[in-house]
Amino acid sequence: MTDSTQTLERLASSDYKYGFVTDIEQDTVPPGLNEDVIGLISAKKQEPDWLLEWRLQAFRHWLTMKQPEWARVHYPPIDYQAISYYAAPKQKGDGPKSLDEIDPELRRTYEKLGIPLAEQAILAGVAVDAVFDSVSVATSYKGKLAEKGIIFCSFSEAVREHPELVRQYLGTVVPYRDNYYATLNSAVFSDGSFVYIPPGVRCPMELSTYFRINASNTGQFERTLIIADNDSYVSYLEGCTAPQRDENQLHAAVVELIALDNATIKYSTVQNWYPGDAEGKGGIYNFVTKRGLCKGRNSKISWTQVETGSAITWKYPSCVLRGENAVGEFYSVALTRDYQQADTGTKMIHIGKNTRSTIVSKGISAGQGQNAYRGLVKILPTAENARNHSQCDSLLMGDRCGAHTFPYIDVQNPTAQVEHEASTSKISEDQLFYCQQRGISTEDAVSLIVNGFCKEVFKELPMEFAVEAQKLIELKLEGSVG
Amino acid sequence: MLEIRNLHVTVEGREILNGIDLVVHPGEVHAIMGPNGSGKSTLANVIAGREGYVVTEGEIRFDGKNLLEMDPETRACEGLFLAFQYPVEIPGVANLYFLKAAVNATRKYRGEPPVDAMDFWELVHERMELVKMDESMLKRSVNEGFSGGEKKRNEVFQMAVLQPHFAVLDETDSGLDIDALKVVADGVNALRNPERGFLVITHYQRLLDYIVPDHVHVLFNGRIVRSGGKELALELEEQGYALYNEEPGRARRAAA
């Protein structure tokens, strides 16, 4: 192994900056999963009967299912009875009414994460719905949004305040029978975010949720539902971190997006769950189902994700392009190092005429990281003149990591045009030397080159998120401890 | 400013340079000429500090400091610049951004704050004219999709912005048509001043019509076999390197 390979590997192994545990009293349900536990979760959240029934149907179906094994990831069997399915910070009385009332310890956690939850949030124009373990603790900027008729609240609140909307759309994009983890989520989901943008409204600010897994042995099962009505626009940001723990924690979320006529939803994720230590111990299992339905004509859904964390990532944000001229996009950067595994990609299902989709996937592997792109482009017989362009690039750092590409293409209409490009490259010694000769240190050169590699994806992120993503990648690649 | 004493270098165990002596004073332009395989590019790479070139004997001092002890980025920050024979592509990194990172790295080394955005913008535009570079090249990724001529022009542009004390030009003329060659040479000439030294490495005399050197050295089989003034380049143009191929002693006599 050459010196520069060693340098790359050293740079690629750094410590997790967000590995602190917040010491607050938790209201936790004992580990285990059965109909009583589901009833308890539902009761704690004062849910209507139809929702409890939906959860129970999902649970009964889940009992008949098997954990999927087709992904290129390896892990010991999960004991679903050893997980606690509900954890909420204990509240005194009725709970916080304003940001000032939030537990100071919790506030400090958010500050360490750099979330603009307090007044800065308003200055920054970011409305934050923060999910701490299972319960949404605060939603800022709600009043301003309400003036425009925009609903942005926790999922539980939506169930209470807007049950008709939740009931109309819940499970319409990801049915409770969809897959093993989505079904589990449907049975036990605890909280998440809900967004509704009324017809003709352009949401005036980025909506943002920050997820964080705190309590040990609690799976986080959020459920997010976003509906963009006719002629509306919304950009939604999701950031995720988790503290450092030895055990593996399960995270099985479901996100459903629905875009009606001429509506656009942009969904951006920066995921930095705890990846486990350098020996591969601990870390989050991130098994997430994200899917958007372009239901209306000229509707558009764009997924952008920067996946740097988790021990295992299993995630395929997808678009079902049903409306005529609908557009689906997927832009992804996935970074794996040490013993991280990622099997991620997208599905573009073309149903409507003249539907178009774009896939840009950038995988970076370092150390012993394994990175797989898995994507499906499906053109149904009804999708006249559908078009897809896919581009999958992999960057390898060191010689013990791996990159894998599994593109599936299923075309059932002869008028379709489908293109797929793929490349694998390494950071070359020539590139490093060129930068060094211009005075740029090896560390800076590596992050410069990697950021260049990711540029096509980063430019899709909202400005402040792009900066954060770039810093996160740098942090991941530097040997420094934050 | 650059002193090379008895330099011996091996690459993968094979001796490429065997005893180079060369002194460049501030304000001087030295040309190194020689046939393929004579060790010209090895010399450039050793000065810049590239990995894989092992110095077995001798030393290089730069402004009185031991150059061989420094890593490549320190050499650059000390004011050493190499215009690459084959400039490297860095996809997704804008030329302007790269240049700013380079300028700031040097400033940081000197204990100065990052460059002011407006000052940088002005400097860049002034220097762009020097090499007749189109503004669109600032936004394009470093060398990606550049023609051979654009890449070389970009090297001279970077040099003009970074303003090194000493620059090594490694076959900057190769692959250039006559118009591009003139542009590159004009750029270099504009940067000549009493404090700055240049080492121009070339296979052909042609470049030296435009960048007129103070001294010319002939490198052959890893040694400088002859040194002289600018007229030596013309002589080589007429007689070629074949002379040296037979026997260095005879070549010296023949040329004397």
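Two strands pair if DSSP finds at least two bridges between them, and this definition is needed at the outset, because the exercises below on a predicted model begin with bridge partners in chain A.

**Exercise 1. Determine which strands pair with strand 15 of chain A, in which sense, and which residues stand opposite each other.**

Solution. Begin with strand 13 (283–294) of chain A, which is joined to strand 15 of chain A by 4 bridges, the two strands running parallel. Within this pairing, A:Asn286 has A:Thr313 of strand 15 as its bridge partner. Next, turn to strand 18 (residues 341–350) of chain A, which also pairs with strand 15 in the parallel sense, over 4 bridges. Here A:Ile312 stands opposite A:Gln341 of strand 18. Finally, look at the side chains of strand 15 (residues 312–315): A:Ile312 and A:Trp314 point one way, whereas A:Thr313 and A:Lys315 point the other way, and all of them are buried.

**Exercise 2. Locate A:Asn298 and B:Gln163, and state for each the phi value and whether the residue is buried, partly exposed or exposed.**

Solution. As background, most residues other than glycine have a negative phi. A:Asn298 lies in the loop between strand 13 and strand 14 (300–307) of chain A, and its phi is near 55°, a positive value in a residue other than glycine. To class its exposure, recall that a residue is buried if 20 or more other C-beta atoms lie within 10 Å of its own, and exposed if 12 or fewer do; A:Asn298 has 17 other C-beta atoms within 10 Å and is therefore partly exposed. B:Gln163 is found in the loop between helix 6 and strand 9 of chain B, and its phi, near 45°, is likewise positive in a residue other than glycine. With 16 C-beta neighbours inside 10 Å, B:Gln163 counts as partly exposed.

**Exercise 3. Describe how helix 3 and helix 6 of chain B pack, and say which strands helix 6 lies across.**

Solution. Two packed helices are described by the angle between their axes and the distance between the axes. For helix 3 (residues 95–109) and helix 6 (residues 148–162) of chain B, the axes come within 10 Å and cross at roughly 35°, and the crossing is right-handed. The contact is made on the helix 3 side by B:Asn95, B:Leu99, B:Ala102, B:Val103 and B:Thr106, and on the helix 6 side by B:Asn154, B:Gln158, B:Val161 and B:Leu162 of chain B. Sorted by class, the residues of this contact are 5 nonpolar and 4 polar, with no charged residue. Helix 6 of chain B also lies across strand 6 and strand 9 (166–170) of chain B, and runs at about 165° to strand 6.

**Exercise 4. Work out the strand order of the six-stranded sheet of chain B, and find which strands form its edges.**

Solution. The 6 strands form an open sheet in the order 6-9-10-3-11-12, with mixed pairing. The edges are strand 6 (80–83) and strand 12 (223–228) of chain B, each of which pairs on one side only. On average, neighbouring strands of this sheet are turned by 20° against each other, direction ignored. At one end of the order, strand 11 (residues 215–220) and strand 12 of chain B run antiparallel and are joined by 5 bridges, and B:Val218 has B:Arg226 of strand 12 as its bridge partner.

**Exercise 5. Characterise chain B as a whole, and then the side of chain A that touches it.**

Solution. Start with the secondary structure of chain B, which comes to 11 helices and 12 strands. Its radius of gyration is 18 Å, close to the 18 Å that the globule rule gives for 256 residues, so chain B is as compact as a globular protein of that length. Along its principal axes, the C-alpha trace of chain B spans about 60 × 40 × 35 Å, and 42% of its 256 residues count as buried.

Turning to the interface, 19 residues of chain A are in contact with 21 residues of chain B. Helix 1 (3–12), helix 10 (429–437) and helix 11 (442–458) of chain A each supply at least two residues of the side of chain A that touches chain B, and the largest share, 7 residues, comes from helix 10 of chain A. By class, this side of chain A has 6 nonpolar, 7 polar and 6 charged residues.

Terms used
Residues numbered from 1 in each chain as written. Chains lettered and ligands numbered in written order. Predicted model: local features only at pLDDT ≥ 70, side-chain atom pairs only at ≥ 80, totals over all residues. Contact = placed C-beta atoms within 7 Å. Nonpolar A, V, L, I, M, F, W, Y, C, P; charged D, E, K, R; others polar. Rg over C-alpha atoms; globule rule 2.2 N^0.38 Å. Axes fitted to C-alpha atoms, helices over the stretch in contact; angles between N-to-C directions. Left-handed = near helix turned anticlockwise from the far one by under 90°.
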